[in-house]
Amino acid sequence: MTPLLALHKINAGYAEIPVLHDVSLSLYPGKIYALLGPNGGGKSTTLKVCSGQLTPTSGDLIIAGKSMTKTDPSALARAGICTIPEGKGIFPNLTVRDNLIMMSKSGIPTEHIEEVAYQRFTQLSSRARQTAGTLSGGEQQMLAMTRALATDPAILLLDELSMGLAPLIVGQLYEIVQQVASGGVAILIVEQFARTALEIADTAGIMLNGRLVNEGRPESIQKGLKHAYLG
Amino acid sequence: MAEFLTFTVVGLATGAIYSIASAGLVVTYTTSGIFNFAHGAIGMFSAFLYWQLRWDEGWGGFWPAPIALAFVLFIAAPIIGILLQLIVMRGLEGTSETTKLVIPIAVMLAFIGITNWVWQGAEQRIPKPFFGRNAKWSIGDTYITWHQTIIVIVAIVLAIALRFLLFNTKIGVTMRAVVDNPELVELNGGRPNRSAMQSWAIGSIMAAIAGVLISPLLGGLGVLALTLLVVNAYAAAIFGRLKNLPLTFIGGLVIGLSVSYWNWISRTGQKWPWLSELRTTLPIVILFCVLLLLPQDRLRGNRAGSLREQFRVPSIRSSILWSFALVSLVSGLSLIITSKWEALLTRGLTMAIIGLSMVLLTGYAGELNLAPLAFAGIGAIAAFQFDVGSAVETGPGFATLATLLAAGFGVLVFPAFGLFKRRLFVAVTAFILLVFILVVFFDGTTGTGIASRESMSLSGLVVASLITASVGATVALPAIRLRGLYLALATFAFAIFVDKMVYKQRETLTFDIPFVGDSEDLSINLFNNGALNIPRPKFWGIDFGEKQWAMLIFVSIIFCCISVALIQLRKSSYGRQLTAMKDSPAACATLGMNMRRLKLSVFTLAAAIAGFGGALHASNLRTIQEDYPFTIWEGLALFMLTVVGGIGYVSGALFGGIIYACAFIVMGDFWGKLAEDWGSFDWLFTFLQDFFLLLGPALAGIGLGRNPSGVASQIFDGFRILRKKENNGIVGVGSLLIAFSWFLRVIDVYNGWVFIMTSLPILFLMPLLGEANTRDRDRRKDTSIEMAGIDFGFTDEFISFVDKELSIPSDPMWKESRINDE
Ligand SMILES: Nc1ncnc2c1ncn2[C@@H]1O[C@H](COP(=O)(O)OP(=O)(O)OP(=O)(O)O)[C@@H](O)[C@H]1O
Ligand SMILES: [Mg+2]
């Protein structure tokens with residue numbers, strides 16, 4: 001099977017400082033890849049390369065067999081990559097509805113997005129006119145996840161979905177992720193806390209100091225995990 | 001009743017224009033986060049353009065109204081907006097509030113420059129209202145012109161259309177989303193740049209509409225008047241807190257109506273002419289009040305560290321060395337340059353002293369002040385009133401005033417330096433005594449005798465800066481909770497107020513200080529007859545009035561003294577508090593710092609410096625007028641150039657002052673002279689001359705986006721390399737060569753041009769050579785890590801270098817064991 005998205009020997013960094021060294025990984029349709037590792041390892045940086053926000057200094061970003069290394073993020077987004085960045089993937093000063101309207105930039109009509117959002121997350125429907133920044137953390141993350149659900153992406157990139165959320169909500173969110181994956185979407189999740197992510201992942205990788213040091217089945221990764229975190 | 005209606009109609013019409021203009025401001029602000037100071041200037045430019053196409057009897061002229069309108073509003077204005085976004089505003093991401101403010105100011109000055117350039121001459125340009133002056137209809141006895149009707153209709157239509165666009169269309173929602181999080185817009189598949197261009201185009205169209213509509217209501221087109229008129233709309237925009245369009249519209253109407261009613265009421269009041277003068281400043285007064293009354297945003301923590309500006313603190317040693325260098329440079333120059341150049345340089349240095357107040361206030365403390373020259377002007381007026389005393393009628397009043405001011409200054413500022421309770425009491429008392437002695441013993445206290453004095457005294461300068469300090473404190477007191485843009489606008493309002501109400505003041509004001517003298521201790525004619533003649537200082541037997549070179553050196557010494565003091569201040573605990581306040585007011589509040597006192601003290605201190613500099617500047621010029629040199633425009637230009645120079649450094653102030661006072665004039669002169677000499681290329685050189693004179697400062701400001709930390713620091717950084725030991729030879733030879741060239745000039749072997757042509761290249765070659773030299777040495781020195789211990793020893797320096805390379809935290813244990821081994 002050809003990967004939907006592949007990184008090939010990526011080196012990348014910010015200004016002068018190199019962060020990623022020779023990172024290669026592949027995402028397959030319907031599969032979830034969990035990227036784990038301690039703080040500052042370069043996970044978010046890897047994700048930024050995938051979404052086109054960071055141009056690598058060398059190496060290739062290959063999407064559906066085509067090299068897209070220098071494509072800008074908005075074009076990639078329109079081509080079907082849905083990225084929910086670290087922190088909140090919402091516009092805090094816009095209303096919930098405006099946020100939903102923004103999602104339609106990907107080409108899906110607003111009505112459809114609204115329908116999915118309000119059906120899936122009923123508490124959002126009563127808050128359509130509320131400023132998104134005043135929603136609770138969980139509600140904000142649900143709003144962000146609506147994009148993954150409603151815009152019919154081919155590839156989904158999620159950075160620290162669970163940050164600051166209660167386990168119950170995290171569980172709910174990951175259920176949704178699994179469901180999206182079953183629709184044939186290739187998914188990359190970046191996580192600090194490995195347990196939940198490993199439960200749903202098909203493949204997992206550990207990132208340490210900008211290198212992908214271990215990659216494999218979740219079970220085998222779980223064993224090596226302690227070592228990676230504690231050095 | 002009919003009269004009431006007439007004034008209501010007039011008020012509604014102007015108010016509607018303010019509404020349109022301010023709505024444009026709100027659109028660009030909510031969609032780009034930039035407060036477009038150039039908004040008024042764009043409107044002004046469009047009005048001129050429309051006049052050119054529609055009414056000029058030469059080129060253009062007599063285009064049919066719809067075509068001219070369509071061209072101005074739908075072709076020229078959007079292009080201006082898009083170009084602005086593409087060339088200028090796009091580079092502002094991640095810069096500080098100061099930079100975000102200065103660049104639009106630069107753009108505003110550029111538009112003023114361009115308009116002055118294209119539409120030169122004193123020719124009266126009178127645009128006519130739509131459908132002519134006599135097209136009107138009436139309600140009862142009240143006539144309403146078609147122009148007024150159109151204005152109101154246009155305003156209503158625009159209000160509804162804008163609201164719809166921003167909140168109900170995808171384009172509008174995207175424009176607002178871009179301010180929130182441009183990266184996320186991209187991740188959503190939107191194009192932030194395109195969206196920003198759309199909003200700048202819309203903002204610019206709104207400005208153009210306002211400009212075209214308002215111009216026939218004035219007597220004739222005036223560059224500054226039109227620009228300022230749209231500034232009136234700022235109040236409306238603030239009324240809507242820069243985001244609420246309906247409130248903004250109401251604000252515009254309220255301002256228009258208030259001005260109109262004020263006209264109506266004060267028309268009869270011949271008793272206080274300045275009251276009717278207030279009508280021109282009323283919107284500004286409203287702006288000030290609205291700023292003060294509106295609930296402020298909570299303290300925001302700036303994103304420390306993510307800003308592109310970074311300022312280092314120079315060491316005291318190097319600041320003193322540079323001071324000596326500057327004073328000797330200036331002294332050396334004074335021997336070889338003509339007195340015209342001396343005058344220009346002196347002007348630059350006095351301006352630089354005023355600039356130092358901005359370094360303290362904006363550079364160190366992060367408080368924006370757009371009224372530096374208003375404070376300087378107040379200082380000059382105070383010095384005049386005190387020293388020449390044409391209007392001060394009784395002495396004791398002034399002596400008392402001076403001591404009161406000294407007491408106030410001490411109480412406000414000294415605690416900030418860590419003086420409390422007994423120490424504070426002692427310090428303030430000492431300070432009061434000092435000022436009292438200065439005033440009483442050196443100047444006497446009675447009569448109008450001062451009027452006959454022909455020189456500025458030291459006490460004059462001191463009292464001038466004390467008075468300015470008290471004004472500064474008075475302005476800062478209400479504005480103390482304002483920050484960033486809001487504070488900038490409040491000070492801007494203050495500057496306009498000073499421009500229109502103080503410099504134009506012809507009344508004699510009298511005050512009574514209780515328990516002192518008779519009932520009129522102080523009667524002041526603030527700005528008598530539109531010009532104040534302020535004498536040069538004269539002490540220690542030196543008459544600075546006769547010797548321009550003495551004035552030049554004196555001023556350079558003063559600049560250096562204040563600079564060194566400021567750098568010392570920056571290093572003190574007071575300075576660290578200021579920096580903390582600048583970086584994160586929220587964090588400071590949680591640390592329990594008393595920010596009010598800190599702010600008040602720094603404002604007071606900065607105003608004192610500005611007042612001092614202003615008095616010196618005026619005394620150097622000998623005379624100041626109501627429109628020179630302390631106007632709001634000059635103030636903005638100086639502020640801008642100081643930021644360009646690097647507002648975090650005293651060298652930035654030096655750069656700003658010198659460039660402001662000399663560079664553009666010199667360049668203009670240079671091209672002008674070439675134009676004279678080379679008649680056939682006259683057009684080219686005249687073009688270049690106008691170019692530098694009118695656009696130079698603005699372009700320098702716009703260039704700031706590329707290097708937000710300022711150019712002065714860059715230049716200094718370039719010379720830093722010369723401090724290395726290995727470059728001593730280069731410095732020695734270079735300095736000798738320059739000294740030699742200077743000597744040849746002194747003994748008149750050749751003229752000034754040759755001196756400049758020989759010494760400047762040497763000066764700028766020195767750092768280049770130094771860099772090459774150092775690089776060369778480093779290459780030779782460069783040995784690989786493996787050779788450690790063989791080619792060279794395990795020095796601590798080397799070990800920490802390796803640690804850093806491998807990102808290992810330095811391990812003290814290891815070092816210890818190594819020491820034990822030895
Ligand atoms: N915008 C940036 N500019 C400069 N350096 C950055 C930037 N973003 C990240 N870095 C650096 O790159 C390195 C990797 O960061 P990254 O955000 O990829 O880590 P991470 O694995 O996502 O960590 P975390 O789990 O804490 O989110 C870090 O050392 C970080 O300091
Ligand atoms: Mg991360």
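1. Start with A:Y33. In this predicted model, A:Y33 stands opposite A:T203, a residue of β9(A). The strands concerned are β3 of chain A, residues 32-36, and β9 of chain A, residues 203-208. They pair in the parallel sense, and four bridges hold the pairing.

2. Next, the other partner of β9(A). Strands β9(A) and β10(A) run antiparallel and are joined by five bridges. One residue to look at is A:I206: its bridge partner in β10(A) is A:N214. The two strands form a hairpin with two residues between them. In that hairpin A:N209 has a positive phi, near 45°.

3. Now the whole sheet. It is open and has six strands, all in chain A. Read across, the order is β6-β7-β8-β3-β9-β10. The pairing is mixed. Which strands are the edges? They are β6 (81-84) and β10 (211-216) of chain A, and each of them pairs on one side only. From one strand to the next, the twist averages 15°.

4. Helix α1 of chain A covers residues 43-51 and packs on this sheet. The helix touches five strands of chain A: β3, β6, β7 (155-159), β8 (186-191) and β9. Its direction makes about 150° with that of β7(A).

5. A second helix to check is α7 of chain A, residues 167-182. Helix α7 lies across β3, β7 and β8 of chain A. Relative to β8(A), α7 runs at about 155°.

6. Ligand 1 comes next. How many residues surround ligand 1? There are 13, and the closest are A:N39, A:K43, A:S44, A:T45 and A:Q192. Which element gives the largest share of the shell? That is α1(A), with three residues. Helix α1(A) is also the one that packs on the sheet.

7. The polar distances to ligand 1 deserve a look in the viewer. An N or O atom in the side chain of A:T45 is 2.4 Å from an oxygen atom of the ligand. For A:G40, a backbone N or O atom lies 2.8 Å from a ligand oxygen. For A:E86, a polar side-chain atom lies 2.9 Å from an oxygen atom of ligand 1. As for cover, ligand 1 taken alone exposes 630 Å², and the protein buries 61% of that.

8. Turn to chain B, and to one residue in it. B:T149 lies in helix α5 of chain B, residues 146-168. Is B:T149 buried or exposed? B:T149 counts as buried because its relative accessible area is 12%, and the cut-off for buried is under 20%. The side chain of B:T149 makes a polar contact with the side chain of B:W137, at 2.9 Å. Setting aside neighbours within four places in sequence, B:T149 is in contact with B:W137 and B:I144.

9. Last, chain B as a whole. The chain has 822 residues, and buried residues make up 54% of them. Its secondary structure comprises 30 helices and eight strands. Consider contacts with a separation of 6 or more: in chain B, 77% of these join residues 24 or more positions apart. The chain exposes about 36900 Å², of which carbon and sulfur atoms supply 66%.

Terms used
Residues are numbered from 1 along each chain as its sequence is written. Chains are lettered from A and ligands numbered from 1 in the order in which they are written. This is a predicted model: local features need pLDDT of at least 70, side-chain atom pairs count only at pLDDT 80 or more; totals for chains, interfaces and linings use all residues. Side-chain values use heavy atoms; hydrogens and water are left out. Two strands pair if DSSP finds at least two bridges between them. Axes are lines fitted to C-alpha atoms, for helices over the stretch in contact, and angles run from 0 to 180 degrees between N-to-C directions. Contact means heavy atoms within 4.5 Å. Buried means under 20% relative accessible area, exposed over 50%, partly exposed in between (1.4 Å probe, protein chains only). A polar contact is a pair of N or O atoms within 3.5 Å; within protein, one must be able to donate a hydrogen and the other to accept it, and residues adjacent in sequence count only if both atoms are side-chain atoms. A residue is near a molecule or strand if one of its heavy atoms lies within 4 Å of it. Accessible areas come from the Shrake-Rupley method with a 1.4 Å probe; for residues, only the protein chains shown count as cover.
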